[in-house]
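User: I would like to go through this model with you. Could we take it piece by piece?

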Amino acid sequence: ISIISNSFMLSLIKSRPPQHKPSPKEHTVQIKKIMYYLPTSSMVLFFIFFLFHPLLCASSKQELGRCETQFQCGNITAGFPFWGGNRDKLCGHPSLELHCNKDITSLSISDQEFRVLHINQLSKSLRLARTDHMGSFCSSNFTNTTLPPKLFKLSQTYKSVTVVYHCNPFRLNFQGFICSETGMIFVSDNPENYNFCLAGFTANVPRSFVTKRKDLADLESVLKKGFEVKVKIDKGEYEHDKHGPLHPPIGKFLMHHYHFLKKLMLK
């Protein structure tokens, strides 16, 4: 009981506000104590700075050099926001991995494989063509693919049209294409006019393409040439928001403490 009482009394004494302000003499003594420990603190800070600075510089050089490597495949060369091959994953957007097979570059978007026909790094644009549209149109996959709006924007020189199929063969007043497995096929800017068709998907074609053409070869040729999209990823904003190679977690930690220690030493 006495031990508890003593502890309780000590806690009360410590929690009580000081009864008087320190005298000038006591204030001087406190300052001398601080000055006594200041050289030791400065030496510790200097040691930490001396230890971290070479590590930070070496890490930054290594990380910067990693992203100088470009993706190379056939006549395609690409940097940010793409990655793949010898180009590290941290150097590009996770969804923009390029693949190379026999000098042919491909990119998977929304579970659909596209062939990359051209990349313009200056204009941040690329020309894509669905891999299944590189052969006969009738043997392609009649599936819809939507480009992620946060990553891509269709070029103004292209438009989206609807390819409708499994259509009623008795609507002979409409002229379209014929595939053996799907029957009559139509390409339209206004799919609501083809309510007698059971299925459809969108395709991107040049604005100059006339949807009422009868020749299937014209459609196949246009689809093989692909369409152009703009990449909507800004390098500065992406590196600021994500832990890229220029700003990994360890790099941010060291950089933060480097500047913190530097400010302390200059005071």
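User: Where does Pro81 lie?
Analyst: Pro81 is in the loop between S2 and S3. Strands here are DSSP runs of E with at least two residues, helices are runs of H or I with at least four, and both are numbered from the N terminus. The peptide bond from Phe80 to Pro81 is cis, with omega near 10°.

User: What should I know about the source of the coordinates and the numbering?
Analyst: This is a predicted model, in which local features need pLDDT of at least 70, side-chain atom pairs count only at pLDDT 80 or more, and totals for chains, interfaces and linings use all residues. Residues are numbered from 1 along each chain as its sequence is written, and side-chain values use heavy atoms, with hydrogens and water left out.

User: What is the mean pLDDT of the protein chain?
Analyst: The mean is 76, and 61% of the residues reach 70 or more; pLDDT is the predictor's confidence in each residue, from 0 to 100. Among the elements of the chain, helix H1 (residues 2–15) has the lowest mean, 47, and strand S3 (residues 98–101) the highest, 97. Over residues 1–6 the pLDDT is below 50, and this stretch has zero contacts in the model beyond near neighbours in sequence; contact means heavy atoms within 4.5 Å.

User: And which value does pLDDT stay under over residues 243–255?
Analyst: It stays under 50 there, although the model has 20 contacts for residues 243–255 beyond four places in sequence. Where pLDDT is low, the predicted coordinates should not be read in detail.

User: Back to the loops. What is phi of Asp103, and is the residue buried or exposed?
Analyst: Phi of Asp103 is near 65°, a positive value in a residue other than glycine. Asp103 lies in the loop between S3 and S4 and is exposed, with a relative accessible area of 56%. Buried means under 20% relative accessible area, exposed over 50%, and partly exposed in between, with a 1.4 Å probe and protein chains only.

User: What about Lys124?
Analyst: Lys124 also has a positive phi, near 55°. It is found in the loop between S5 and S6 and counts as partly exposed at 41% relative accessibility.

User: Which residues touch the most other members of the largest nonpolar core?
Analyst: Leu126 and Phe152 do, in a core of 23 residues. A nonpolar core is a set of buried Ala, Val, Leu, Ile, Met, Phe, Trp, Tyr and Cys residues joined through side-chain atoms within 4.5 Å. The elements giving two or more residues to this core are S1 (71–73), S2 (76–78), S4 (104–109), S5 (112–120), S6 (125–130) and S12 (227–231). A second, separate core of 17 residues includes Phe137, Val161, Ile185 and Phe209.

User: What does Leu126 contact?
Analyst: Leaving aside neighbours within four places in sequence, its contacts include Phe82, Leu107, Phe152 and Phe227.

User: Which residues of H3 are buried?
Analyst: In helix H3 (residues 216–225), Leu216, Leu219, Glu220, Val222 and Leu223 are buried. Seen down the axis of H3, they fall within an arc of 165°, so they line one face of the helix; the arc is that of the directions from the helix axis to the C-beta atoms. They pack against S6, S9 (177–179), S10 (183–188) and S11 (197–206). Just after H3, Gly226 takes a positive phi of about 80°.

User: One last residue: what does Thr182 touch?
Analyst: Not counting residues up to four places away in sequence, Thr182 touches Phe142, Tyr165 and His166. Thr182 lies in the loop between S9 and S10 and is buried, with a relative accessible area of 16%.
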